[in-house]
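The following exercises concern strand order, helix packing and chain dimensions. Please work through each task before reading its solution.

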Amino acid sequence: MTEKSETAARTAETPVLETRGLCKSFEALRASRDISLDLRPGEIHAIIGPNGAGKSTLIGQICGTLKPDAGSVHLLGQDVTHQAARLRARAGLGRTFQISSLAMEDTVLQNAVLGALGASGRSWRFWGDALRDRRLVETAEEALVRVGLQDSARHRTAELSHGQRRQLEVAVALTLRPKALVMDEPMAGMGAEGSRLLTGFLDQLRQEAPILLVEHDMDAVFSLADRISVLVYGEVIATGSVDEIRANAAVREAYLGDEA
Amino acid sequence: MIRETHVNALTLALLVAIPLWAVIADEPFTITLMTRAAVFAIAAVGLNIALGLGGLVSLGHAVFFGLGGYAMGILAHHAQTYTALSEWPVLIEGTKSMPVIWLTAIAVSSLAALVIGILSLRTAGVYFIMITLAFGQMFFFFAISWSEYGGEDGLSIYVRNGFPGLNTLDPIQFYGLCLALLCLVLVFAWRLAKSPFGLALNAARQAPVRVETVGLDPTRLRLVAFVLSGAIAGLAGALFADLNRFVSPVMFSWQTSGEIMVFVILGGVGRLFGPVVGALVFVALEHWLGGLSDFWHIYLGLLLLLIVLFGRGGLIGMVCGREAVHD
């Protein structure tokens, strides 16, 4: 991870993705309290925090499935706070889900073609075979090769293992040629081997699209992240490099405990 | 397991062979039954686009079926009474020409599907079912009180409408026309399912959040599916009215919506030939069981119950198993 020091030096660059003062409450529960974060080119910015810290709420607001009560979201310098999720996706925001949300009855290839379809704007074609459309299929197959799923392309998605579904999640996000990626626990439920492979893949992917990574797997976070933000009770209590976060007393107390 | 394509081919063969036998054996009533099945099948293929591909449980497809029927009834009624449909601002006269009637039926039912779709697709699940049902009832009661066109008694059309080059009064020729339209609609549904739109719609049924994440609007996909579905049901309605030479508010009733849905579920939701098999089996049961007992609906209900409980893929699913993965 030699690029780490390089990317840390590039702090002056404009962020690809940024939140400013996001607030969101559900009745009495304040799930996001004045959250300001950014994601810079070439970096992996990890968000960690205990269960119920408001990580999913934050992701929802960034991706457009939840409306913030206050604050704004900026993608590539544009204010997208009031844009629907699909418009943010079109603008280059890729997302993977904590719980796989794939079309389970469809094949792996069909799922990947769906991504390519969204990016191409060809969804209003009522005639012609989607799986014979060379441009769509090439984009889809390329993404599947990159995550190592090319041999399973014709399998039904429901037949995939948990880890393979995670890989497919990433592949679908890649078909959009995203400018920024938001990944919600991509390692969850993966075996040691799968986790290691995906870590290696994300490590390379950051150059293409910076990644906002929500993850529970601390080994993965500490080996991948350029910066880490710690979320506790809806509030960012610390942002910094891996070493800074490891050393931070408040973080140790609130979250890391004996793990660090 | 028998392959689905073989079942489809067999169904198509029966659709051709049975009426031909009926001509030779001089059994015109069998041809009428087959025409009834073919027309029901067209409506069900239409519903299957919304239900099977889009996952939209519509209990309001009688609206489109009925509108198709009334489009035929009203146009033919004015033609046979030599009165104008409207004199101002433009003169619109009735017609006895099937192609014109079909296009009118398709246009009217698409428009209705667009409006109903925009309003009802804001909801999902049970609420969607209830809203589509409510629209059905609205049209039903409107038709009952529309005394200008027969009200509760409906409209009788004395002579079947014409199609260039055919004698539509001959049962087998009219059947051929309906079968040709059924085939056309099937080809359309088949291509649609494989098309980029079909792929997106299919995914929107299974994982709407995913579809949104790739930059597509699931609601808009569903709306277009609903309109296409309604248009086809409207065409079927016009044919059904021509088959009976009669339209009545019953075409708008919720029982009609239910029957169209029964065809699809009986044959197999989401299967290309599911609606066709369903309509054929329904008409056969209606005829035979109806002849045996006045309570034939109980047996039909029992059959439906068994199919829903033990064969999620309908009759086609029971014979062919799960749908093959597309190449």
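Two exercises follow, each with a worked solution, and both refer to a predicted model.

**Exercise 1.** Determine the strand order of the open sheet in chain A and identify which strands stand at its edges.

*Solution.*
Step 1. The sheet comprises 4 strands in the order β2-β1-β4-β5, with antiparallel pairing.
Step 2. In chain A, β2 (29-39) and β5 (78-79) each have a single partner strand, so one side of each lacks a neighbour in the sheet, and these two are the edge strands.
Step 3. The pairing of β1 (residues 17-26) with β4 (residues 70-75) in chain A is antiparallel and consists of 5 bridges. Within it, L17(A) lies opposite L75(A) of β4(A).
Step 4. Helix α2 (residues 55-63) of chain A packs on this sheet, where it touches β1, β2 and β4 of chain A. The direction of the helix makes about 60° with that of β2(A).

**Exercise 2.** Assess whether the radius of gyration of chain B agrees with that of a compact globule, and describe the chain further.

*Solution.*
Step 1. For 327 residues, the globule rule of 2.2 Å times the number of residues to the power 0.38 applies. A compact globule would therefore have a radius of gyration near 20 Å, and the 20 Å of chain B agrees with this.
Step 2. Along the principal axes, the C-alpha atoms of chain B fill a box of roughly 55 × 50 × 40 Å.
Step 3. Chain B contains 13 helices and 4 strands, and 51% of its 327 residues count as buried.
Step 4. Among contacts in chain B with a separation of 6 or more, 76% involve residues 24 or more positions apart.

Terms used:
Residues numbered from 1 in each chain as written. Chains lettered and ligands numbered in written order. Predicted model: local features only at pLDDT ≥ 70, side-chain atom pairs only at ≥ 80, totals over all residues. Pairing = 2+ DSSP bridges. Contact = placed C-beta atoms within 7 Å. Axes fitted to C-alpha atoms, helices over the stretch in contact; angles between N-to-C directions. Buried ≥ 20, exposed ≤ 12 C-beta atoms within 10 Å, placed from the backbone.
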